[in-house]
Every structure is written in C-alpha cells, then in structure tokens.
Amino acid sequence: MGMTANAVKERSLLGLKDLSADEINAILNRAAYWDAREEKMIPALKDFFVANMFFENSTRTRFSFEMAEKRLGAQVLNFAAAASSVEKGESIYDTVRTLESMGIDAGVIRLKPIGMLAELAKKVSVPLVNAGDGNNEHPTQALLDLYTMKQQFGELNGLKVSIIGDIQHSRVARSNLWALQKFGAEVKLCAPPNMQAPELAAYAPYVTMDEALCADVVMMLRVQLERHHGDIFSRAEDYRLQYGLTEERAERLAPHALIMHPAPVNRGVEIDDAVVEHPQSRIFKQMQNGVPIRMAVMERALL
C-alpha cells in the first residue's frame, strides 16, 4: 500500500526554508537519540529499499547517507551518474522513475539543475531527501551544523554565526541561513564582492572579515575558484590572505568560538592546514554528526 501524496510530501526533505523550527527540532532530537545508542546496527529500516542517486559528485555526503542507512538496516542501492545511463542521455527524471518502478521506498538525491528537485518530488510517489541541489539547499548539512552548534552551546537563540566565503554558489550557506534564523541566531555573511549572493542581503548583512571573526561560530565555505573565471583572485594565495582563516586570524577568535567547514576543505586556501585540526575546530565532529542526523532523516522518510 503506497503512501498518500501528502504523506510523501511530509516525509520528504527538500529544504529547510519551509520547515518549521519545531520540525527541525524534532529531527535534531531524534538524531541525539541515535547518537546515544551504542549499537552499530539497529534494524529499524530492515524492510525498506533506499536508492542513493547522485547526479553530481560527492564522497562525504554519499558515504554518510550510506552509513546512516546501513546502520538502520536498510537495503541500499547506490547510483552514481558518471558511471550510468545519464551519460547516455537518459534524463534524471527517467532514472528516478525507473528506480521507483523497481520498488524503492525512498530516494536520496543530489543534482545540479535548480528547481528540478521540487518538480521531481511532485511526480514521484516515494519520499525524496535532498542531498544538495544546485546552489539552492543542502538541508542535511545544515542540520548536522545546527546539531554540532547545539552540542557546544546548548541553544541557538542569540548565537552569532558568520558564514564566510563563496556565498554565491553555496547551498550550505542558504540552508544554514534559513535554519539558524528560525531559532533566533544572528547570521552575518562575508564574501568577496564577486562571490556575494545579493538576494541574501535582505536576510543577513554582509560584513568585513574583521567583523565576521567576532562571532560564536565561524563557518568557512569551500571556495570554488574554478567557478570564478577572470577572477579578482589570480591565485589561491591572494584569496587566503584576504578571506582565509589563517593561523593568525584563528588566534583572534574568542576562546569559546567554533571553527566549522562543510568540507571538502581546500587546505591553505579558505583555511590554513594547521587550523583544520585546531582545538576550536569541529570539522571532523561535523562529519561524525552527519551520520545520526541522516539516520533521523531516513527514519522520518520511511516510518
């Protein structure tokens, strides 16, 4: 017996912009439950088939979802577009419909075209979980970021969070911005002029690097220099000097402040090598937290 369209919609996770603080909190609390369990395997999803459909490259996110699914005992199908029929011109829609017709119960999907995920979700009858769509949203990344902040600070209300780097191309920045503001956190953005997303200025101010460092959380974004042709930064070193979290800048952070990064990290560009594993860095803790978060999200999609 399939789910109703409404149930599918409620179990899908397409983004955080339209999710209430209560719904987000429910996921964070459930992640804490899974995090506290000692067992490696808890077969809550043993009767379900999940397809991880990655039409854009990913290592961490794909492995993190797979680990979460397998810890819950789900049957997992992994689909990476580069080695698949999409190369032969089969559309993303046809691929998702093919897997749906074979009997998957939920799909985790990463894709590049903006707006396509919402359209897909209307056309398929299984819950979809967004593993990153274009520069729109990356909801599970923001959830694990919020979870990491709550572990440190207890609550998010009043927390000062600076997001620094290539805001224009960052789905991580957007999901974090939407989610953090629902909890009363104060978000500031910092980016070179050609890496700003002007439409976000209505939601959070752009500040200088010095101002951005005065925060409880400094979230560095991966800088995708390859997306900026004819850039003002002719070399990665120029970017590092102006917008990187250098060792010198890290020393100026408040002693309680956290250093975060969604990874993959360009060491020596947006963050110095020595700062990646700085005592205040939570970069590897974030990755660890991704598993219980994704367990909670997959459970929500299926049970």
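## A walk from an odd loop to the core

A263 sits in the loop between β8 and α11. This is a predicted model, and that loop is a good place to start reading it. P264 is in the loop between β8 (258-260) and α11 (273-276) too, and the peptide bond joining A263 to P264 is cis, with omega at about 5°. A263 has another quirk: its phi is positive, about 65°, although the residue is not a glycine. For background, most residues other than glycine have a negative phi, and most peptide bonds are trans. Is A263 buried or exposed? Its relative accessible area is 14%, which is under the 20% cut-off, so A263 counts as buried.

Next, have a look at a pair of helices. Two packed helices are described by the angle between their axes and the distance between the axes. Here the pair is α3 (residues 60-71) and α12 (residues 283-302), whose axes come within 8 Å and cross at roughly 55°. That angle makes α3 oblique to α12, and the crossing is right-handed. Which residues do the meeting? From α3 come R60, T61, S64, F65, M67, A68, E69 and R71, while α12 brings M287, G290, V291, R294, M295 and M298. Sorted by class, this contact of α3 with α12 has seven nonpolar, three polar and four charged residues.

Two of those residues turn up again around H138. T61 and R294 are both in contact with H138, and so are R110, A131, G132, R171, V172 and S175, leaving aside neighbours within four places in sequence. H138 itself belongs to the loop between β4 (128-133) and α6 (139-153). With a relative accessibility of 4%, H138 counts as buried.

Now for the nonpolar interior. In soluble globular proteins, nonpolar side chains tend to be buried together. In this model the largest nonpolar core has 83 residues, and those with the most contacts inside it are I24, L143, M149, I163 and I167. Which helix gives this core its largest share? That is α12, with nine residues. To see one of the well-connected members up close, pick L143: not counting residues up to four places away in sequence, L143 touches L13, L16, I24, I27, L28, I293 and V297. Apart from this core lies another one of 17 residues, among them M53, L99, A121 and V124.

If you want one element to keep on screen, try α12: it meets α3 and also gives the largest core its largest share of residues.

How values were computed
Residues are numbered from 1 along each chain as its sequence is written. This is a predicted model: local features need pLDDT of at least 70, side-chain atom pairs count only at pLDDT 80 or more; totals for chains, interfaces and linings use all residues. Side-chain values use heavy atoms; hydrogens and water are left out. Axes are lines fitted to C-alpha atoms, for helices over the stretch in contact, and angles run from 0 to 180 degrees between N-to-C directions. Helices (H or I, at least four residues) and strands (E, at least two) are DSSP runs, numbered from the N terminus. Angles under 35 degrees count as roughly parallel, over 145 as roughly antiparallel, 65 to 115 as roughly perpendicular and the rest as oblique. A crossing is left-handed if the near helix is turned anticlockwise from the far one by less than a right angle, and right-handed if clockwise. Contact means heavy atoms within 4.5 Å. Ala, Val, Leu, Ile, Met, Phe, Trp, Tyr, Cys and Pro count as nonpolar, Asp, Glu, Lys and Arg as charged, and the others, Gly among them, as polar. A nonpolar core is a set of buried Ala, Val, Leu, Ile, Met, Phe, Trp, Tyr and Cys residues joined through side-chain atoms within 4.5 Å. Buried means under 20% relative accessible area, exposed over 50%, partly exposed in between (1.4 Å probe, protein chains only).
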